[in-house]
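Opening a fresh page for this one. I want to look up what the record annotates and then work through the chain contact.

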2 protein chains.
Amino acid sequence: MRRALAERPLPSADDHAARFARQREADRTATAEDYVELIADLLREEGEARAVDLARRMGVSQATVTATIGRLQRDGLVETKPYRGLFLTEEGGRLAAAAKARHDLVVRFLLALGLDHETAEADAEGVEHHVSEKALKAFARFLADRETPGR
Amino acid sequence: MRRALAERPLPSADDHAARFARQREADRTATAEDYVELIADLLREEGEARAVDLARRMGVSQATVTATIGRLQRDGLVETKPYRGLFLTEEGGRLAAAAKARHDLVVRFLLALGLDHETAEADAEGVEHHVSEKALKAFARFLADRETPGR
DNA sequence: TCCAAAATTTAGCCTAGGCTAAGTATTGTC
DNA sequence: GACAATACTTAGCCTAGGCTAAATTTTGGA
């Protein structure tokens, strides 16, 4: 006998549409977050972030990176000094820091659930853009509870 | 003093690129999954799935739905009988069932973590397309453990 | 039956994000 | 100091997914 899952009726059309709209919004910002996060990582770990390295690490052509960086520049997140590398604006830096914090929290949470490292990292890449603040808080709470063995 | 998080070095460029490639792949299939899942829900709950209702529930224009349904038809997932509604092919039905199973599991998991119903549903909408089978298994394990209070 | 309302499609436009191929510019090394 | 290798940009193309406005069906009720 199947656990009664409160066979959910459909939400109102408006609520339903709002969920999808939030979804599309998240999709739109995901690329920007991935780029600034990677640029920040490269700056921190390698001392510089070159377009050619972004292309390699994102698995896209250099032409695609040029175009995407153009949009990020237009949006005030990134600055470029050709042949010198890419840099984050203040706003870009803030976005990267927030993205990294989210990313790391999701990874820690998935590891705590028992996932192997590579899967946790790979899944976090997708999940980090689609979880609400409330979910992130719940993840953090889970991790905190878990590190407090006694009650 | 910050918990030592094994300040992860960057993955190899190839591994990194593979993660992003998987990500882009998931993005490509997300729309199809959302549509067939919604069509299946409408067929089950309302007896029919009309393009106009999809437009309302997805929060997009009817023209967008026409175009998207065209792609789903081309891909063998959906059939249309104009003014009679939309139907799923066998493959479309399988995809919808898989998507719904994933969706429901994610919702149950998020509820178990303490999220309210609306947030769980909204977050699931995004998360369901980006979690691996391994993560889903971990979610299921968590739910199972939780329902077995004793050890 | 007729005809207005509702559903659907078409046309034409746009952006993001992919690609390849072919430039152009810079650097670093000999 | 020249020049090959490397980095970057440009041009031109493509698909998915959005939009509005304007047809075009089709349905259902008076």
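**Annotated span, then the interface**

I started with the annotation: UniProt, in an unreviewed entry, lists residues 28-89 of chain A as "domain: HTH dtxR-type". What I have here is a predicted model, so I'm reading everything below as computed from it. I checked the make-up of that span and got 65% helix and 13% strand. The end C-alpha atoms of residues 28-89 of chain A sit 20 Å apart.

Next I went to the contact between the chains. How many residues does each chain put in? I noted 57 residues from chain A and 57 residues from chain B. For the area buried between chain A and chain B I have about 4,800 Å², and carbon and sulfur atoms give 56% of that.

Then the polar side of things. I counted six salt bridges between chain A and chain B. I looked at one pair by name: E118(A) makes a salt bridge with R19(B), with 3.1 Å between the closest N and O atoms. Between chain A and chain B I also have 20 residue pairs in polar contact, both residues at pLDDT 80 or more.

Which elements of chain A give two or more residues to the side that touches chain B? My list reads helix 1 (13-46), helix 2 (51-58), helix 4 (90-112), helix 5 (117-127) and helix 6 (133-146). Helix 1 of chain A gives the most, with 15 residues.

Last entry: I sorted the residues on the side of chain A that touches chain B and got 23 nonpolar, nine polar and 25 charged.

Key
Residues are numbered from 1 along each chain as its sequence is written. Chains are lettered from A and ligands numbered from 1 in the order in which they are written. This is a predicted model: local features need pLDDT of at least 70, side-chain atom pairs count only at pLDDT 80 or more; totals for chains, interfaces and linings use all residues. Side-chain values use heavy atoms; hydrogens and water are left out. Contact means heavy atoms within 4.5 Å. Buried area is the accessible area (1.4 Å probe) that two parts lose on being put together, summed over both. A salt bridge is a side-chain nitrogen of Lys or Arg within 4 Å of a carboxyl oxygen of Asp or Glu. A polar contact is a pair of N or O atoms within 3.5 Å; within protein, one must be able to donate a hydrogen and the other to accept it, and residues adjacent in sequence count only if both atoms are side-chain atoms. Helices (H or I, at least four residues) and strands (E, at least two) are DSSP runs, numbered from the N terminus. Ala, Val, Leu, Ile, Met, Phe, Trp, Tyr, Cys and Pro count as nonpolar, Asp, Glu, Lys and Arg as charged, and the others, Gly among them, as polar. UniProt positions are given in the numbering used here, feature names are shortened, and annotations may be inferred rather than shown by experiment.
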